[in-house]
Amino acid sequence: MLAHKAEDEGIICAENLLGANGHLDYNCVPSVIYTHPEVAWVGKTEEQLKEEGVEYVVGKFPFAANSRAKTNADTDGLVKILADKKTDRMLGAHIMGGGAGEMINEAALAMEYGASCEDVARVCHAHPTCSEAFREAALAAYCGKAINFS
């Protein structure tokens with residue numbers, strides 16, 4: 001399901017025809033599987049990072065510890081974020097759970113602009129929302145522990 005990628009490629013084509021320098025970072029194009037729970041990812045996988053010899057850290061946060069997911073009785077799944085061990089730059093995000101297809105866009109935006117996990121963790125997220133799980137996973141990658149999960 002990559003209609004969004006095709007749309008962006010169409011925009012780039014039009015920009016290039018007009019003499020602009022359109023581009024698309026394919027590493028920042030999110031993928032979504034529209035099941036229940038949804039599955040979404042953007043960027044690198046752990047396997048790719050290992051193959052490339054990149055040292056990385058992992059931050060995870062389960063929806064079972066998220067207030068909104070509990071209220072919605074939709075606690076299956078988690079958010080997993082991969083970050084460069086030295087720079088803290090977000091390298092990949094993987095989400096399984098309700099609303100994963102919406103939440104993955106925060107990861108794509110962060111990666112497009114070279115954000116660190118600390119950058120994401122320091123952004124105030126509304127409460128109670130499922131996107132707080134994304135912040136918590138970023139916090140776990142950045143400093144080794146989420147606030148609301150041991």
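**Reading the calls on this chain**

Student: Where is serine 31 found, and how do you know that such a stretch is a strand?

Tutor: Serine 31 is found in strand 1, residues 31-33. Helices and strands are DSSP runs numbered from the N terminus, a helix (H or I) needing at least four residues and a strand (E) at least two. The model is predicted, with local features needing pLDDT of at least 70 and side-chain atom pairs counting only at pLDDT 80 or more, whereas totals for chains, interfaces and linings use all residues. Residues are numbered from 1 along each chain as its sequence is written, and side-chain values use heavy atoms, with hydrogens and water left out.

Student: Why is serine 31 called buried?

Tutor: Buried means under 20% relative accessible area, exposed means over 50%, and partly exposed lies in between, with a 1.4 Å probe and protein chains only. Serine 31 has a relative accessibility of 15%, and therefore counts as buried. If residues up to four places away in sequence are not counted, serine 31 touches Leu2, Val39, Ala40 and Trp41, where contact means heavy atoms within 4.5 Å.

Student: What makes the chain as compact as a globular protein of its length?

Tutor: The chain has 6 helices and 5 strands, in the order α-β-β-α-β-α-β-β-α-α-α along the sequence. Its radius of gyration is 16 Å, close to the 15 Å that the globule rule gives for 150 residues, so the chain is as compact as a globular protein of that length. The radius is taken over C-alpha atoms, and the rule is 2.2 Å times the number of residues to the power 0.38. Along the principal axes the C-alpha trace spans about 50 × 35 × 30 Å, and 43% of the 150 residues count as buried. Of the contacts with a separation of 6 or more, 58% come from residues 24 or more positions apart.

Student: How do you know that helix 6 is largely enclosed by the rest of the structure?

Tutor: Of the 12 residues of helix 6, 9 are buried, so this helix is largely enclosed by the rest of the structure. The buried residues include Phe134, Ala137 and Leu139, and the buried residues of helix 6 pack against strand 3 (56-62), strand 4 (78-84), strand 5 (90-96), helix 4 (100-112) and helix 5 (117-121). From its first C-alpha to its last, helix 6 (residues 132-143) reaches 16 Å, close to the 16 Å expected at 1.5 Å a residue; the expected span is 1.5 Å times one less than the number of residues. Just after helix 6, glycine 144 takes a positive phi of about 90°.

Student: Why does methionine 103 count as buried?

Tutor: Methionine 103, which lies in helix 4, has a relative accessibility of 7% and therefore counts as buried. Leaving aside neighbours within four places in sequence, methionine 103 is in contact with Phe63, Val79, Ile95, Cys130, Ser131 and Phe134. Methionine 103 and cysteine 130 are 27 residues apart along the chain, and their C-alpha atoms are separated by 8.1 Å.

Student: What makes alanine 73 and aspartate 88 worth a second look in their phi angles?

Tutor: Most residues other than glycine have a negative phi, and most peptide bonds are trans. Alanine 73 has a positive phi of about 55° although it is not a glycine, and aspartate 88 has a positive phi of about 70° although it is not a glycine. Alanine 73 is found in the loop between helix 3 (67-71) and strand 4, and aspartate 88 in the loop between strand 4 and strand 5.

Student: Are alanine 73 and aspartate 88 buried or exposed?

Tutor: Alanine 73, at 70% relative accessibility, counts as exposed, whereas aspartate 88, with a relative accessible area of 13%, is buried.

Student: Which residues are joined by cis peptide bonds, and what is omega there?

Tutor: One cis peptide bond joins histidine 36 and proline 37, with omega about 0°, and proline 37 is found in the loop between strand 1 and strand 2 (39-43). A cis peptide bond also joins histidine 127 and proline 128, where omega is about 0°, and proline 128 is found in the loop between helix 5 and helix 6.
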